[in-house]
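Q: I have a model open and want to learn how to read its features. Where do we begin?

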Amino acid sequence: PGLVDAHTHVAELGESLDRMNLTGIATEAEAVDLLAKRAATVPKGEWILGYGWDEGAWANRYPDKRLLSERVPDHPVVLRSLHGFASWANERALALAQITRDTPTPSGGEIRRDIHGEPTGLVLNRAVALLDNAVPRPTPAQRDTQILRAMRVMAQAGYTGVHEAGVAPDVMESFERLTERDSLPLRVHAMLSARDSLLVRQWIK
């Protein structure tokens, strides 16, 4: 006996558990201190991702790339805001995302720029995708680890089953690998993403 969640995103939960949680952090400087400490434990060049800084509380002083780039120069850093409408990045992440002074602003988005026209490291609304698209997808091993970690968190909270919504191909492959190893701690009912016609056709019998 236990709880069954009828609409989950276990893969996203797993990703969030790997990321820096900046919820409740009061200032840009405090957030950068935490990120610098994380960077000291991560191999150079590896992406550092985070979320939760409050664009509402920080609206009178939006963060920029200067301090973050100075303190964390060797890792690309992308930090999604609490409500998801803004992302904050350092210079290395901007370079990998190819966001420069010449990058056109997406419709419905904003690339914040300084008085010289250079990107400040803050993107808003639909421009957030410019940074998201530059972040590498998890490897199969990373995806398996993320899903297992998320499911163990749910199992500890009393869940015995989940209905995973909008399952992407790499997540479905992870479920299959974990099933073959008899490693899944929860029963999984997978709802395929209907937008992915190739994936759906694979499972139509």
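A: Begin with one bridge. Val4 has Gly161 in strand 8 as its bridge partner. Keep in mind that this is a predicted model.

Q: What is the bridge partner of Gly161 in strand 9?
A: Arg187 is that partner. Strand 9 also holds His189, the bridge partner of His163.

Q: How do I go from single bridges to a sheet?
A: Start with the general idea. Strands of a sheet pair through backbone hydrogen bonds, in a parallel or an antiparallel way. Now the case here. Strand 1 and strand 8 are joined by four bridges, in the parallel sense. Strand 8, residues 159-167, pairs with strand 9 over five bridges, again parallel. The result is an open sheet of three strands in the order 1-8-9.

Q: Which strands are the edge strands?
A: Strand 1 (3-8) and strand 9 (187-192) are the edges, each pairing on one side only. As for twist, neighbouring strands of this sheet are turned by 10° against each other on average, with direction ignored.

Q: Which helix packs on the sheet?
A: Helix 7, residues 169-180, packs there and touches strand 8 and strand 9. The direction of helix 7 makes about 150° with that of strand 8.

Q: Next, charges. How should I read a salt bridge?
A: Side chains of opposite charge can pair when their charged atoms come close. How many salt bridges does a search of the whole structure find? The search finds 16.

Q: Take Glu28 and Arg61. What does their salt bridge tie together?
A: The N to O distance between these side chains is 3.4 Å. Glu28 belongs to helix 2 (residues 28-39), and Arg61 sits in the loop between strand 3 (48-53) and helix 3 (65-71), so the pair ties together parts 33 residues apart in sequence.

Q: Is Glu28 buried or exposed?
A: Glu28 counts as buried, because its relative accessibility is 11% and the cut-off for buried is under 20%. Arg61 is partly exposed, at a relative accessible area of 45%.

Q: Which parts of the chain does the pair of Glu118 and Arg101 link?
A: The side chains of Glu118 and Arg101 meet in a salt bridge of 2.9 Å, N to O. Glu118 is in the loop between strand 6 (109-113) and strand 7 (119-125). Arg101 is in the loop between helix 4 (91-96) and strand 6, and the two residues are 17 residues apart. Glu118 is partly exposed at 29% relative accessible area. Arg101 is partly exposed too, at 44%.

Q: What about Arg137 and Asp170: how far apart are their closest N and O atoms?
A: Those atoms are 3.5 Å apart, and the two residues form a salt bridge. Arg137 lies in the loop between helix 5 (128-132) and helix 6 (140-156), and Asp170 lies in helix 7, so this pair ties together parts 33 residues apart in sequence. Arg137 counts as exposed at 57% relative accessibility. Asp170 counts as partly exposed at 22%.

Q: Which residues join this pair in a network?
A: Shared salt-bridge partners join Arg137 and Asp170 with Glu15, Arg19 and Arg143 into one network.

Q: Now the nonpolar side. Which residues of the largest core touch the most other members?
A: Look for the hubs. Of the 19 residues in this core, they are Leu35, Trp53, Leu68, Val72, Leu79 and Trp88. The elements giving two or more residues are helix 2, strand 3, strand 4 (77-81), strand 5 (86-89) and strand 7. Helix 2 supplies the largest share, five residues.

Q: What does Leu79 touch?
A: Leaving out residues up to four places away in sequence, Leu79 touches Leu22, Leu35, Leu49, Gly50, Trp53, Leu68, Ala86, Ser87 and Trp88.

Q: Last, the rings. How do I describe a pair?
A: Use the distance of the centres and the angle of the planes. The structure holds three aromatic pairs. For Trp58 and Trp88, the ring centres are 5.9 Å apart and the planes are at 70°, so the pair is edge-to-face.

Q: Where do these two residues lie?
A: Trp58 is in the loop between strand 3 and helix 3, and Trp88 is in strand 5, 30 residues apart. Both Trp58 and Trp88 are buried. Ring pairs also bring in Trp53, linking it with Trp58 and Trp88 into a cluster.

Definitions and conventions: Residues numbered from 1 in each chain as written. Predicted model: local features only at pLDDT ≥ 70, side-chain atom pairs only at ≥ 80, totals over all residues. Heavy atoms only, no water. Pairing = 2+ DSSP bridges. Axes fitted to C-alpha atoms, helices over the stretch in contact; angles between N-to-C directions. Contact = heavy atoms within 4.5 Å. Salt bridge = Lys/Arg side-chain N within 4 Å of Asp/Glu carboxyl O. Buried < 20%, exposed > 50% of the residue type's maximum accessible area, 1.4 Å probe, protein only. Core = buried A, V, L, I, M, F, W, Y, C linked by side-chain atoms within 4.5 Å. Phe/Tyr/Trp six-rings, centres within 6.5 Å; stacked < 30°, edge-to-face > 60°.
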